[in-house]
Amino acid sequence: MKNILLGITGGISAYKSANIVSQLKKKGYSVKVIMTKNATKIITPLTFETLSRNKVYVDMWDESKGYEVEHISLAEWADLVLVAPTTYNVIGKIANGIADDMLTTVISATKVPVFFALAMNENMYNNPILSDNVDKLKGYGYRFIEADEGFLACNTNGKGRLKKEEEIIEIIEEYFIKKDYPQVLQGKTVVITAGPTEEPLDPVRFITNLSSGKMGYSLAEACAKLGAQVTLISGPTKLEPPMGLKKFISVRTALQMEKETLKYYENIDIAIACAAVGDYRPKIYYKEKIKKSDSDFSVELIRNPDILYQMGLLKKNQFLMGFAAETENILENATLKLNKKNLDVIVANDASNMGNGNNTVTLVEKNGKITPLKREKKSELAYTILLKLFSKVTMVSLMGILILTGCSSIISNSTGKEKYSDLEKKYSVILKKPRLKSKEIDSLKNKYIKLNSRLERNEENKKLKKEILKKVVILEDLSS
Ligand SMILES: Cc1cc2nc3c(=O)[nH]c(=O)nc-3n(C[C@H](O)[C@H](O)[C@H](O)COP(=O)(O)O)c2cc1C
């Protein structure tokens, strides 16, 4: 898990930082805290020592540290620095190159991203000196979490409140996700259906199935982490909606799922129909609980709409993915379903996996390509499926990075001797495991970012950039 260095400065909202530490710890992050001297007048270091289970750093000249240069080792330990709350004073100091305490010194020495969550009185917030300093720091790559409007400690309403702790953490997590996951679905809109449906017979009885919703929820989470705007439409499950969704819609019956799905279907890029929609529902719904009697009781079932079939009929440019849970002739039945429902791909699986944490599936694509995937946890399988289908983009962007970082030997090979499939094999580790904390891809990305910003500034390099873009186009051809 990641290491977060939390800076706490002398703002009245410093007490809220305790909640930030506690939530970060709950999510599994390692947290170390640096406080300014003034922050310790608002809340004690002991609070943060207890919550973070680490020593709190205040004084740079603390003699208990032995031979280690602590401000340097802290700067290197962190994956990210978050300062919350950030005072007017600290922004002023950092913008002017002042490093006169532990926090400002560590910030001056770190190479990792630094996020400042601002919090102060409204007049301080609107002071043009602050906005000049913020602009200057943004220019150096520092990131800012704007303050919210609301009731302030100085007894007025205005802008200056520390953003809610949950929202600050969300921003930090979003940063890590974008850094660690290839954004192959960036800008794509996705609708996913998940879970079972329930078809009520009376107020206490209904027909349902064993679907847990795990596969659909895992796909929704994976799509969001790979950059998509995801709407998840779910039948009743015991699962929490995944983080990062654009919208979560809860439904109960097949008819409700049909209505919601078709409402969003027209204007999206990708639809993933993963829900186990009940094929039938009771013809009669009894408003009162059905009383037990000594005789038998029959329930007449009527057909529910076939949502996936309708999606196939209405399909324009959407990429449509369906699931087939079968108990026999899995591939044959899945292929029939693919054709009948006008799908782009169907994920065929054994219905015995319903409700399980693991799954074994085979992808059957419209062009006849059949790809069996190895048994994996559903949460992992979701990435494997998505990257199998959409990783071409990853390949191109990875190659783009390689070109920009001057890995010319790989590129010259790729334009001639080596085929795309060989390259894919070579880089399959990176492509298949997007969550791998690959130092290789991280350092490539860093080089890319640096080179790119250098290219922006220099006239001569602009020509080079054009050349590079041309090569990217060649690679795009190669990979198609
Ligand atoms: C009770 C109290 C609350 C304060 N709250 C804030 C605040 O929310 N934001 C801010 O920028 N300064 C606030 N200040 C002023 C800062 O504490 C002051 O500028 C100090 O020099 C900041 O030191 P530091 O940035 O090293 O922590 C507050 C001061 C006091 C006495």
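Which residues of S4 are buried on one side, and which on the other? In this predicted model, the answer takes in both faces of the strand: Leu80, Leu82, Ala84 and Thr86 are buried on one side, and Val81, Val83 and Pro85 are buried on the other. Strand S4 spans residues 80-86, and seven of its seven residues are buried. For the protein chain as a whole, buried residues make up 36% of the 480 residues.

The setting of S4 becomes clear from the sheet to which the strand belongs. Strands of a sheet pair through backbone hydrogen bonds, either parallel or antiparallel. Here, six strands form an open sheet in the order S3-S2-S1-S4-S5-S6, with parallel pairing. The edges are taken by strand S3 (56-57) and strand S6 (143-145), each of which has a single partner strand, so one side of each is left without a neighbour in the sheet.

Within this order, S4 has a neighbour on either hand, S1 and S5. Strand S1, made of residues 3-8, pairs with S4 in the parallel sense over four bridges, and Ile4 has Leu80 of S4 as its bridge partner. Strand S5, made of residues 114-118, also pairs with S4 in the parallel sense, over four bridges; in this case Val81 is partnered by Val114 of S5. Towards the S3 edge, strand S2 (residues 30-35) and S3 are joined in the parallel sense over two bridges, with Ile34 standing opposite Tyr57 of S3.

Helix H1 brings a helical layer into the picture. H1 lies across S1, S2 and S4, and runs at about 175° to S1. H1 (residues 16-26) also packs against helix H9 (residues 165-180), at an angle of about 45° and with the two axes 9 Å apart. Because of that angle, H1 is oblique to H9. The crossing of H1 past H9 is right-handed. On the H1 side, the contact is made by Lys16, Asn19, Ile20, Gln23 and Leu24, while H9 contributes Glu165, Ile168 and Ile169. By character, the residues of this contact divide into four nonpolar, two polar and two charged.

Seen as a whole, the protein chain has 19 helices and 22 strands. Among its contacts between residues at least 6 apart in sequence, 67% join residues at least 24 apart. The pairing of S4 with S5 offers a handy local example to look for in the structure, with Val81 and Val114 as bridge partners.

Technical notes: Residues are numbered from 1 along each chain as its sequence is written. This is a predicted model: local features need pLDDT of at least 70, side-chain atom pairs count only at pLDDT 80 or more; totals for chains, interfaces and linings use all residues. A residue is buried if 20 or more other C-beta atoms lie within 10 Å of its own, exposed if 12 or fewer, and partly exposed in between; C-beta atoms are placed from the backbone. Two residues are in contact if their C-beta atoms, placed from the backbone, lie within 7 Å. Two strands pair if DSSP finds at least two bridges between them. Axes are lines fitted to C-alpha atoms, for helices over the stretch in contact, and angles run from 0 to 180 degrees between N-to-C directions. Angles under 35 degrees count as roughly parallel, over 145 as roughly antiparallel, 65 to 115 as roughly perpendicular and the rest as oblique. A crossing is left-handed if the near helix is turned anticlockwise from the far one by less than a right angle, and right-handed if clockwise. Ala, Val, Leu, Ile, Met, Phe, Trp, Tyr, Cys and Pro count as nonpolar, Asp, Glu, Lys and Arg as charged, and the others, Gly among them, as polar.
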